[in-house]
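Reader: I have a structure open and I'm not sure where to start. Can you walk me through it?

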Amino acid sequence: MRTKIVAGNWKMNKNSSETTELLNQLQSKMPKTSAEVMVAPTFVNLAQAVTQLAASSIEVVAQNMHFAENGAYTGEISANMLQSVGIKTVILGHSERRAYFGEDDALLAKKVDAALKAGIRMIFCFGEELQDRKSGNHFKVVEAQLKNGLFHVGKAHWQHIVLAYEPVWAIGTGETASPEQAQEMHAFIRKTIATAYDETTAQMVTILYGGSVKPGNANEIFSKPDVDGGLIGGASLVAEDFAAIVAAI
Ligand code: PEP
């Protein structure tokens with residue numbers, strides 16, 4: 001049985017007091033679940049969120065990290081710095097990092113290595129753009145992102161890896177991949193991992209779907225056999241909506 005996960009990516013939203021308030025609301029509304037529930041506030045609010053959720057089962061995770069252990073990288077944050085405030089999981093390769101901050105597969109491969117070396121679990125994001133899907137290249141693009149960013153790691157490392165398939169055209173657009181499109185891609189991802197590694201590894205890895213998941217569509221998307229949960233953007237900023245999505249898993 002694979003681990004089910006619902007993770008909320010808050011992006012560049014919520015200041016310190018707003019973070020406290022949203023976490024309070026989430027704690028009071030969160031349904032009982034056997035799934036792992038995570039929230040990713042901004043870097044500056046991670047430490048306070050960890051303290052606030054110390055007695056909660058909701059895990060605080062980071063949205064990004066740098067590949068170096070330390071040094072002259074102004075404005076960046078290392079794995080060790082995250083761990084020093086209680087962070088155990090980091091999101092890597094979000095499409096906004098790829099699109100706005102020039103993170104390519106080669107850079108992400110270094111971040112993957114840094115996370116594994118530090119012993120921090122990752123949610124590795126990837127997904128095709130609209131033109132890739134329209135031209136029928138979506139499988140090729142996704143396969144290349146996995147091969148170039150991730151598939152250099154040894155089999156034993158896959159226990160520290162969660163995947164998040166996020167078609168870029170569905171992120172923050174209100175447009176969602178249909179449950180069938182999500183299932184088709186997730187099954188393809190599992191097949192690609194089985195070919196590169198083996199069937200056991202492919203069956204063990206948790207694969208999240210991300211892209212305009214809302215309370216109204218979560219049930220149907222999560223009901224697909226290869227969809228093990230969601231990475232949620234906009235809807236994770238509204239406690240009722242995020243709680244409803246968690247209930248759907
Ligand atoms: C995301 O940013 O990872 C995401 C899935 O956003 P949204 O849910 O708003 O589409």
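Strands and ligand

Author: One pair of residues makes a good start: I123 stands opposite V162 in β6. Keep in mind that this is a predicted model.

Reader: Ok. How many bridges join β5 to β6?

Author: There are 5 bridges between strand β5, residues 121-126, and strand β6, residues 161-165. The two strands run parallel.

Reader: And what order do the strands have in the sheet?

Author: The order is β3-β2-β1-β8-β7-β6-β5-β4, in an open sheet of 8 strands with parallel pairing. The edge strands are β3 (59-60) and β4 (89-92), and each of them pairs on one side only.

Reader: Which strands does helix α11 lie across?

Author: Helix α11, residues 239-248, lies across β1 (5-9), β2 (36-40) and β8 (229-232). Its direction is at about 160 degrees to β1.

Reader: Switching to the ligand. How many residues surround it, and which are the closest?

Author: The ligand is surrounded by 14 residues, and the closest are K11, H94, E166, G172 and S212. By type, the shell divides into 4 nonpolar, 8 polar and 2 charged residues.

Reader: What does the side chain of K11 do there, in terms of distance to the ligand?

Author: An N or O atom in the side chain of K11 is 2.5 Å from an oxygen atom of the ligand. For H94, a polar side-chain atom lies 2.8 Å from a ligand oxygen atom. With G233 the polar atom belongs to the backbone, and it is 2.8 Å from an oxygen atom of the ligand.

Reader: So is the ligand mostly buried or exposed?

Author: Buried: taken alone the ligand exposes 290 Å², and the protein buries 98% of that.

Reader: Back to K11. Where is it found in the chain, and what is its phi?

Author: K11 is found in the loop between β1 and α1 (16-29). Its phi is positive, about 50 degrees, although K11 is not a glycine.

Reader: Why bring up the sign?

Author: Because most residues other than glycine have a negative phi.

Reader: And S212, what is its phi, and where does it lie?

Author: Phi of S212 is near 55 degrees, a positive value, and S212 is a residue other than glycine. S212 lies in the loop between β7 (207-210) and α10 (215-222). Both K11 and S212 are listed among the residues closest to the ligand.

Terms used. Residues are numbered from 1 along each chain as its sequence is written. This is a predicted model: local features need pLDDT of at least 70, side-chain atom pairs count only at pLDDT 80 or more; totals for chains, interfaces and linings use all residues. Side-chain values use heavy atoms; hydrogens and water are left out. Two strands pair if DSSP finds at least two bridges between them. Helices (H or I, at least four residues) and strands (E, at least two) are DSSP runs, numbered from the N terminus. Contact means heavy atoms within 4.5 Å. Axes are lines fitted to C-alpha atoms, for helices over the stretch in contact, and angles run from 0 to 180 degrees between N-to-C directions. A residue is near a molecule or strand if one of its heavy atoms lies within 4 Å of it. A polar contact is a pair of N or O atoms within 3.5 Å; within protein, one must be able to donate a hydrogen and the other to accept it, and residues adjacent in sequence count only if both atoms are side-chain atoms. Accessible areas come from the Shrake-Rupley method with a 1.4 Å probe; for residues, only the protein chains shown count as cover. Ala, Val, Leu, Ile, Met, Phe, Trp, Tyr, Cys and Pro count as nonpolar, Asp, Glu, Lys and Arg as charged, and the others, Gly among them, as polar.
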